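Student: I am new to this structure and would like a guided look. Could we go through it together, one question at a time?

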Amino acid sequence: MNKKTVKILGIETSCDETSAAVVTDGRNVLSNIISSQIDLHSEYGGVVPEIASRRHVELILPVIDSALDKAGTDLNDIDGIAVTHGPGLVGALLVGVSAAKAIAAALNKPLISVHHIEGHIAANYIAHTDLEPPFVCLVVSGGHSHIVLVKDYLSFEILGRTRDDAAGEAFDKIARVLGLGYPGGPAIDKWAKDGDPRAVHFPRVKFQDNPYDFSFSGLKTAVINHINHLNQKGEDIPVADICASFQQAVIDVLVDYTISAAKEHKIEKICLAGGVASNSLLRETMSQKANENGMISLYPPPVLCTDNAAMIAASGYFSFLAGEFADYTLNAIPSLRIGSGHNGL
Ligand code: KG4
Ligand code: ZN
């Protein structure tokens, strides 16, 4: 007997992308509609929560309609509705959670809650259809920097995390100081290609009590001080060199700590996830260092690295298989911990 295909509608509204997607069996994307609000927020140099929530309200239904259309399906044909319920901006999350609850209740379909970071990790299942746990995943985005041991599809252990700024946040702040616009990651990535990564030595922080934890706030301050110092002396700002030197400092620690964590846990597969996983130096360096250590390194295409609902549907599929469903008390949890389930405990 043929196994029935499971078709999940995914919904993601945790930050500044309104997204809906239809994915079958957690691996095959039928549609992935992403409406970015970058233009709305760029003049403020970052995401304005109130503006994000209002825009999600306007976009959520058209985006869901268009995901169903593009997938050539309708709501009756959907097996479950998966939605990001945290972490993220509470007003933004609530838009997606409310829409998902309404659809699930109206059609009497299963509701599945998804942790945003578990979603980012699941982007790798779409990009690499043979990928199975265990693996170590470096999740680096605008809001998170975690080294996660993915023991099984629904079982996670955090090996390291940032103690202050997320990697993407550091990229965005430095880009802002240099006047490169928002989001800063892609701009710094581009400028760095013409700069010398050894031009300025910026600090790399290592903690004694957990060698896999990150800290980027000291690095950010060092870069800003360096720029201020040049300004005070009336010197030109070598933008490309600063971008290259800053980027090298971030990527060195991300790659070193992830490889060491994988080695300690005897894991030979490393995946990248989150917006910063699009960074060209990170991809190159991780592949090269993994190779040197007899490991393999995988990453999703850029469209699956930044926020999207296909990754949420993919993650939701594994909860669906395990029969882990949410009920209508599901709420947005801005600081949800990974692996904590739909009640956030
Ligand atoms: O995953 P994401 O879309 O949103 C969050 O969940 O935070 O990540 C957005 C972040 C931004 O900070 C952006 O600057 C960064 O990812 N980013 C990059 C690159 N592309 C996006 N950072 C470095 N290099 C890139 N090429
Ligand atoms: Zn994200």
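Student: Which protein donors does the zinc ion (ligand 2) have?

Tutor: Happy to help! This is a predicted model, in which local features need pLDDT of at least 70, side-chain atom pairs count only at pLDDT 80 or more, and totals for chains, interfaces and linings use all residues. Residues are numbered from 1 along each chain as written, chains are lettered from A and ligands numbered from 1 in written order, and side-chain values use heavy atoms, without hydrogens or water. Donors are N, O and S atoms within 2.8 Å of the metal (3.2 Å for Na, K and Ca), and sites may look incomplete because water is not among the atoms. At 2.0 to 2.1 Å from the zinc ion (ligand 2) lie its protein donors: H116 (NE2), H120 (NE2) and D307 (OD).

Student: How are these donor residues spaced in sequence, and how far apart are the parts that H116 and D307 tie together?

Tutor: The spacing reads H-x3-H-x186-D. H116 belongs to helix 4, whereas D307 sits in the loop between helix 10 (302-305) and helix 11 (309-321), so the pair ties together parts that are 191 residues apart in sequence.

Student: Are H116 and D307 buried or exposed?

Tutor: Buried means under 20% relative accessible area, exposed over 50%, and partly exposed in between, with a 1.4 Å probe and protein chains only. By that rule, both H116 and D307 are buried.

Student: In what order do the five strands of the open sheet come?

Tutor: Helices (H or I, at least four residues) and strands (E, at least two) are DSSP runs numbered from the N terminus, and two strands pair if DSSP finds at least two bridges between them. Strand 8 (155-161) and strand 10 (296-298) each have a single partner strand, so they stand at the edges. The pairing is mixed, and the order is 8-7-6-9-10.

Student: Which residue in strand 7 stands opposite C137?

Tutor: Strand 6 (residues 135-140) and strand 7 (residues 145-152) pair in the antiparallel sense over six bridges. The two form a hairpin with four residues between them. Opposite C137 stands V148.

Student: And what is the bridge partner of V136 in strand 9?

Tutor: Here we turn to another neighbour: strand 6 and strand 9 run parallel, joined by four bridges. V136 has as its partner I270.

Student: Last one: how many residues of strand 6 are buried?

Tutor: F135, C137 and V139 point one way, V136, L138 and V140 the other way, and all are buried. The strand is mostly covered, and the count is six of its six residues.
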